[in-house]
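Student: I am new to this structure, and I would like a careful look at a single part of it rather than a quick tour of everything. Please choose one part, go through it slowly, and explain each term as it comes up.

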Amino acid sequence: MFSRFLILTDTEGFPAHPHRGFVTLTYFLDGGFRHRDSLGIEQVYGQNLEGVPHHSQWLSTGAGLLHEEMFYQKEWWHWQRQELYQLWINLPRSEKMSQPYLLLMEDGKETPVVRDSGVVCRVLAGQYDEQHQAKVPTASDLSVLHVQLEPGTTWTYSVPDPYETLILYVRKGSLTVTESETSRDTNIPVHHTAFFGQSGNTLQVKAGKDVADFMLLAGVPIHEPVSAQGSMVMNYPDEINSAYADYQQGLFGRPWPHTLSREEWQIQVQQNPSAYRAVDSETKQQSTSQPSSSQLS
């Protein structure tokens with residue numbers, strides 16, 4: 001009985017761990033994370049959380065940092081449903097050892113929400129129809145869209161000219177895709193992923209008898225070697241080895257127990273900080289014309 005009580009009250013999530021060389025886009029549909037890192041930044045974000053306006057976090061890990069992602073519970077007895085996407089987005093070689101950068105994303109500010117007849121399109125990264133641009137500093141040309149269609153609704157996506165990659169994942173409902181060259185229809189059921197080749201510059205999909213909910217990922221390939229292991233994404237295996245050697249030497253900071261209070265965690269980070277300081281907010285705004293992340297002390 002006592003041990004069961006401990007299991008029920010223990011906060012779940014992902015304790016302090018290292019990253020280097022890529023971006024994480026963490027997008028909550030329900031629930032949220034409390035983020036703390038070795039840069040001294042603390043953030044809370046998610047959906048359907050009282051007093052929390054930001055649904056997503058854009059984290060460019062750059063040269064390296066440690067962070068924890070613990071599912072947010074306002075009170076220990078309050079059960080909170082959790083549903084999210086976390087996308088790992090590769091960085092070009094020229095950006096892999098850059099300074100880390102964090103940005104929280106809110107509808108109508110960093111994230112445009114486009115509503116049309118039977119369509120809701122949230123622009124998480126990149127652009128939609130050349131008129132709606134997400135305010136996140138992507139290092140390569142890409143778009144991430146969350147689209148919801150009412151039953152029977154048709155949606156057409158104009159693929160930007162340089163894009164070569166297009167991936168679609170169906171979270172709810174089903175979609176029918178009409179191929180422009182052959183006029184042949186292909187059905188994409190729920191929880192399936194479709195990969196599209198380079199044929200035409202438009203994608204047309206139609207929702208089935210239920211609401212369709214899907215993610216669309218599109219962009220220009222970086223065309224560089226990729227070597228990934230654990231929580232590091234670099235170009236070559238020797239760079240992966242160097243990343244873990246730097247982590248072992250404490251250059252990313254030192255891991256801390258997720259049970260530390262805010263004051264205890266701040267002391268830990270002050271004593272064992274990441275050697276790679278976060279980008280200064282004003283500098284980042286001037287160089288990218290994008291808003292900076294929120295920082296809690």
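**A close look at helix α2**

Tutor: The chain as a whole has an accessible surface of about 15,200 Å², and 48% of that area belongs to carbon and sulfur atoms; such areas come from the Shrake-Rupley method with a 1.4 Å probe, and for residues only the protein chains shown count as cover. The model is predicted, so local features need a pLDDT of at least 70 and side-chain atom pairs count only at pLDDT 80 or more, whereas totals for chains, interfaces and linings use all residues. Residues are numbered from 1 along each chain as its sequence is written, and side-chain values use heavy atoms, with hydrogens and water left out.

The chain contains 4 helices and 21 strands, where helices (H or I, at least four residues) and strands (E, at least two) are DSSP runs numbered from the N terminus. Of its 297 residues, 46% are buried; buried means under 20% relative accessible area, exposed means over 50%, and partly exposed lies in between, with a 1.4 Å probe and protein chains only.

Against that background, consider helix α2, which has 12 residues, 237-248, and reaches 17 Å from its first C-alpha to its last, close to the 16 Å expected at 1.5 Å a residue. The expected span is 1.5 Å times one less than the number of residues in the helix. Which residues of α2 are buried? They are E239, I240, A243, D246 and Y247. These residues cover an arc of only 125° around the axis, which puts them on the same side of α2, the arc being that of the directions from the helix axis to the C-beta atoms. An α-helix has 3.6 residues a turn, so residues three or four places apart point the same way.

The face of α2 turned away from its buried side carries the exposed residues P237, N241 and Q248. The buried residues of α2, for their part, pack against four strands: β1 (13-19), β5 (65-71), β20 (227-229) and β21 (232-234). Contact here means heavy atoms within 4.5 Å. Beyond the end of the helix comes G250, whose phi is positive, near 90°.

One of those strands, β5 (65-71), leads to a further detail by way of E68. The side chain of E68 makes a polar contact of 2.5 Å with the side chain of R36, a polar contact being a pair of N or O atoms within 3.5 Å; within protein, one atom must be able to donate a hydrogen and the other to accept it, and residues adjacent in sequence count only if both atoms are side-chain atoms. R36 is found in strand β2 (residues 22-37), and at 5% relative accessibility R36 counts as buried. A polar atom of the R36 side chain also lies 3.4 Å from the backbone oxygen of H258.

Leaving aside residues up to four places away in sequence, R36 touches several others, among them L66, W256 and E42. E42 belongs to strand β3 (residues 42-47), and its relative accessibility of 2% makes E42 count as buried. The side chain of E42 makes polar contacts with the side chains of R34, at 2.5 Å, and R262, at 2.8 Å.
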